[in-house]
Amino acid sequence: MAHETTSANPKVNYEYRRRKARDEMRGQVTSFAMMIFMTFIAFIIVLADFDKFYAFPILLVLAAAQVVLQLYYFMHMSHKGHGTAALFLYSGALIAFVTILTFLTIVWW
Amino acid sequence: MSTVAEKRGFLAVLWDYLTTVDHKKIAILYLVSGGFFFLVGGIEAMLIRIQLAVPDNDFVSAGFYNELLTMHGTTMIFLAAMPLLFAFMNAVVPLQIGARDVAFPFLNSLGFWLFFFGGIFLNLSWFLGGAPDAGWTSYASLSIASDGHGIDFYVLGLQISGAGTLIAGINFLVTIINMRAPGMTYMRMPLFTWSTFVASALILFAFPPLTVGLFLMLFDRMFGANFFDVTMGGNTIIWEHLFWIFGHPEVYILILPAFGIFSDIISTFSKKRLFGYAAMVFATVLIGFLGFMVWAHHMFTTGLGPTANAIFAVATMAIAVPTGVKIFNWLLTMWGGSIRFTTPMLYAVAFIPSFVAGGVTGVMLASAPADYQYHDSYFVVAHFHYVIIGGVVLGLLAGTHFYWPKMFGTMLNETLGKITFWLFLIGFHGTFFIQHFLGLMGMPRRIWKYLPNQGLDLFNMISTVGAFFMAVAVIVLLANVIITQVKNVRVGNDPWGDGRTLEWAISSPPPYYNFKQLPLVRGLDPLWIEKMEGRTEMTPAEPLGDIHMPNSSFIPFVMSLGLFIAAFGAMYQIDWRASDGADYVWSLPVLIIGMGITIGSMAVRSLKDDHGYHIHKEELMDDHDKGGRE
């Protein structure tokens, strides 16, 4: 069963790669749909003139979810070998968060 | 292709160093320029101590004293301690992980030249109308009001050298993550490599806040912005926060590599595996992590409120725990070991009580209510000199003696080394121990002169005498270096005899391609494992093959030079605008030309492919005793 592969490596398992690519595609399409949906919700919240007390937290949560989907599905952080990158990303995010928290609580009070 | 045993003219050597991308040569560049700035900062310190030796002294003027203390702090932290640590990181870390070079040799060179030109720019302020005079922290309320160009030199100089430091930090992160030899897992890395890794991560996260702070300051001073001007709706406290968000991790960036050097020295000269290796690694990471949660303890008296003060006080005290873990692990490494008191080991042993003293006063200062008493007094001066000299400088001096043979292939004289050590240690404690009491007696920090008969006379004199001991120690060290290099007695792979880690498995200094074949690492202290099994060399992990090498490049020098030139234009355009275009008409063209040089050299680097070259297998087989195996 000699499939045409783009790889020069004879050990490439065509069926396996096909299945992986299909799963990958499904994940991307699903997250793309979710992102569109979340954007839609965000617009509705603003258009419907929700109380700011509700609107701000919901918008922030939706934004955070979008970032996670972007990182994990479109920028492939869900793949193997991204542990170090993830560690540094989260460390940086944490330090930025602490900094912003401090500024919001004790600098611009 | 051989670079050794060739007599070359001075200009050829100079050109070699200006264009080198070899981590071992960049290490020497860092060592020489860091050492130069260490001497400059040391002379500034001596002038400060001479001024304070006797009451009501008029050795220097008040304004000049402010410049001296500012430049002493700035030079020692940014231009001496950090580059000297980078010297050892560059010289040793690639060898310790069994790599042929750092991940980005070109960037390594660029990082050095940016630091160098930034440092030169900062120090040119002495000759161009006065140095910065608002303290090394350059608090905005002072520095916005400072006349002349001193603070502009500070802002632009640190911006340039800070970019270099950031580049160097990222380079080490990538090197340690990606370039480890086969078998060198994270938990087999020597402690110096680990602490370099954590310190580089701290650089990655700590330098951007400094960059932001410096940019805001730059806009305030040079382009009429008002970020820190309270009368215009700004907030002067923001500078303090940004500075210390950088500044506190910065002191860990300094101390962690020193911890790493000491860990390797103590384990080597106790002839024992480091006690509690995993705990040491964990403690290093934890110190790095907590280092970002404590910056406001420098600002207890700015009025953050009791809640914020309490949170930052507790977080600060928490750092004592991992630090204590490390102290006990060093003690237990020595416990039962077969200890040899070589010069580096003397430094390591002296470091432990000295640093603990600095740590204890640190916990005292961390207690927010008590800090209201200590704040801005000589107690603080004593504290940070105990941690920075007792920790970092002792580490640098220990590292100089320990790694000298690996960097230069010669052994510093042990007798002179021990004389340096004793003079320095006595001088250090003599200078700073007594300053704790000066502080408790009420002597304020950064004060120019004090009145006689207030109980401060004798202690200040003792402190100055101590400083002279340190100065003599440094002179002895310089003499030692000159004598050693003139005699030029070459040493072998492992001159200390008890080397445990990979850098001692390769000749001193190593050949320019480092390992002929990458070594196979079979555990912690890989060379020691081989020695215990009766071998003298590492087992290779690969057959002998062609080695890919980067080409030397002059571009990093030109790129940094461009920024150096542009900085003058950026600074003097203030006067140009102030004079309505009458004077300093050259400032804007200089700014544009400087930026043009930098951007042009970046374009050349980007557009012109440079694939490096290969050292062929046949050449490697001819070279015999040049490291690795055949």
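Me: In this predicted model, how many residue pairs are in polar contact across the interface of chain A and chain B?
Reply: The rule finds zero such pairs with both residues at pLDDT 80 or more. Zero salt bridges are found across this interface as well.

Me: What makes up the side of chain A that touches chain B, by class?
Reply: Eight residues there are nonpolar and five are polar, with no charged residues. A salt bridge needs Lys or Arg on one side and Asp or Glu on the other; these four count as charged, and chain A brings none of them to the contact.

Me: How much area do chain A and chain B bury between them, and on which atoms?
Reply: The two chains bury about 1300 Å², with 87% of this on carbon and sulfur atoms. Of the area that chain A buries against chain B, 40% comes from Phe88(A), Ile95(A) and Ile106(A), more than from any other three residues. The contact involves 13 residues of chain A and 19 residues of chain B.

Me: Why does Val481(B) count as buried?
Reply: Its relative accessibility is 19%, and the cut-off is under 20%, so Val481(B) counts as buried. Val481(B) lies in helix α16 (residues 457-487) of chain B. Beyond its neighbours within four places in sequence, Val481(B) contacts Trp404(B) and Leu412(B).

Me: How do you know that the span of helix α9 of chain B agrees with its number of residues?
Reply: At 1.5 Å a residue, its 14 residues (277-290) should span 20 Å, and the end C-alpha atoms are 20 Å apart, so the two agree.

Me: What covers the buried residues of α9(B)?
Reply: The cover includes α7, α8, α10 and α11 of chain B. Among the buried residues are Tyr277(B), Met280(B), Thr284(B) and Ile287(B).

Note on methods: Residues are numbered from 1 along each chain as its sequence is written. Chains are lettered from A and ligands numbered from 1 in the order in which they are written. This is a predicted model: local features need pLDDT of at least 70, side-chain atom pairs count only at pLDDT 80 or more; totals for chains, interfaces and linings use all residues. Side-chain values use heavy atoms; hydrogens and water are left out. Helices (H or I, at least four residues) and strands (E, at least two) are DSSP runs, numbered from the N terminus. The expected span of a helix is 1.5 Å times one less than its number of residues. Buried means under 20% relative accessible area, exposed over 50%, partly exposed in between (1.4 Å probe, protein chains only). Contact means heavy atoms within 4.5 Å. Buried area is the accessible area (1.4 Å probe) that two parts lose on being put together, summed over both. A salt bridge is a side-chain nitrogen of Lys or Arg within 4 Å of a carboxyl oxygen of Asp or Glu. A polar contact is a pair of N or O atoms within 3.5 Å; within protein, one must be able to donate a hydrogen and the other to accept it, and residues adjacent in sequence count only if both atoms are side-chain atoms.
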